[in-house]
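Please walk me through this structure, starting at the end of the chain and working back to the helices and the pocket. I would like plain running text.

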Amino acid sequence: MVVVDQTDATDVTTNVESIVNSVLDPSDPLYLHQSDNPGAMLVSVAFSGIGYRSWICVVLRGLSVKNKTSFISGECKRPDPQSPKFRQWERCDDIVTLWILNSLSKEIAASVEYASDAVEL
C-alpha cells in the first residue's frame, strides 16, 4: 500500500489543471485548433525565389491569424524536455515548420527541410 501525502496530490492536480487550462486557452501560442493541420497552406503560391516581400507578408499574416508568430520570432522558447509543456510546444513548432515548408517551392524546401525548429528555418 502506497501512502500519498494529500498536499502533494493536491499540488500535482493543481499543476496539471493549470497546464491543461493554459494549453486549451485559444490565446496561448501552444493552443492548436482542430483545423490546424500539417497540410494547411499559408499562401496560395509557393515561394520560388521571386517576390520575397509579398510572400513573407502573407506568411506572417497567416501565422498571426493562428497566433503562431512567436515560434518564428523565438519568443515562444523551447521548454525543458522534462516540462509538461514540452510535447505541446514540440507539436506546435513542428506544425509551424511544416506550414512554412509547404509554402516554399520543392527546391527551396529541400534545402532547408532539416532545420531543427521554426526559428532556425
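L121 sits in the segment that follows α5. In this predicted model, L121 has a relative accessible area of 26%, so it is partly exposed. Setting aside neighbours within four places in sequence, L121 makes contact with T97, I100, L101, V112 and A115. The C-alpha atoms of L121 and A109 are 9.8 Å apart, and the two residues are separated by 12 residues along the chain.

D117 also has its place in the segment after α5. Its relative accessibility is 15%, under the 20% that marks a buried residue, and therefore D117 counts as buried. When residues up to four places away in sequence are not counted, D117 touches R78, W89, D93 and T97. From D117 to L98 the C-alpha to C-alpha distance is 10.0 Å, for a sequence separation of 19 residues.

T97 appears in the contacts of L121 and in those of D117, and T97 is one of the buried residues of α4. This helix covers residues 86-102 and has 17 residues. From its first C-alpha to its last, α4 reaches 24 Å, close to the 24 Å expected at 1.5 Å a residue. The buried residues of α4 are F86, Q88, W89, C92, D93, I95, V96, T97, W99, I100 and L101. Among them, W89 and D93 are touched by D117, while I100 and L101 are in contact with L121.

E90 belongs to α4 as well. With 21% relative accessibility, E90 counts as partly exposed, because the buried class is kept for values under 20%. E90 and P79 lie 11 residues apart in sequence, and their C-alpha atoms are 9.0 Å apart in space.

The next helix to consider is α2. It runs over residues 52-65 and has 14 residues. Its span from first to last C-alpha is 20 Å, close to the 20 Å expected at 1.5 Å a residue. Which residues of α2 are buried? They are W55, V59, G62 and L63. Viewed down the helix axis, these buried residues fall within an arc of 95 degrees, so they line one face of α2. They pack against α3, which covers residues 69-73, and against α4. On the other side of α2, the exposed residues are R53, S54, R61 and V65.

Just after α2 comes N67, in the loop between α2 and α3. What is the sign of phi at N67, positive or negative? Phi of N67 is near 60 degrees, a positive value in a residue other than glycine. Most residues other than glycine have a negative phi. N67 has 29% relative accessibility and so counts as partly exposed.

Several of these parts come together at the largest pocket. About 180 Å³ of space lies in this pocket. Its lining consists of Y52, W55, I56, V59, I72, I100, L104, I108, V112, A118, V119 and L121. How do these residues divide into nonpolar, polar and charged? The lining has 12 nonpolar residues, no polar ones and no charged ones.

The largest share of the lining, 4 residues, comes from α2. Both α2 and α5, the latter covering residues 106-112, supply at least two residues each. W55 and V59, which are on the buried list of α2, are among the residues that line the pocket. I100, a buried residue of α4, is also part of the lining. L121 returns here as a lining residue, together with two of its contacts, I100 and V112.

A view of the whole protein completes the account. The protein has 5 helices and 0 strands, and along the sequence it follows the pattern α-α-α-α-α. Of its 121 residues, 31% count as buried. Of the contacts with a separation of 6 or more, 64% are between residues 24 or more positions apart.

Conventions
Residues numbered from 1 in each chain as written. Predicted model: local features only at pLDDT ≥ 70, side-chain atom pairs only at ≥ 80, totals over all residues. Heavy atoms only, no water. 1 Å grid on protein atoms, 1.4 Å probe; cavity = no way out; pocket = protein on both sides within 12 Å on 5 of 7 lines; lining within 4 Å. Points joined across faces, edges and corners; volume = space filled by probe spheres on them. Nonpolar A, V, L, I, M, F, W, Y, C, P; charged D, E, K, R; others polar. Expected span 1.5 Å × (residues − 1). Buried < 20%, exposed > 50% of the residue type's maximum accessible area, 1.4 Å probe, protein only. Arc of directions from axis to C-beta. Contact = heavy atoms within 4.5 Å.
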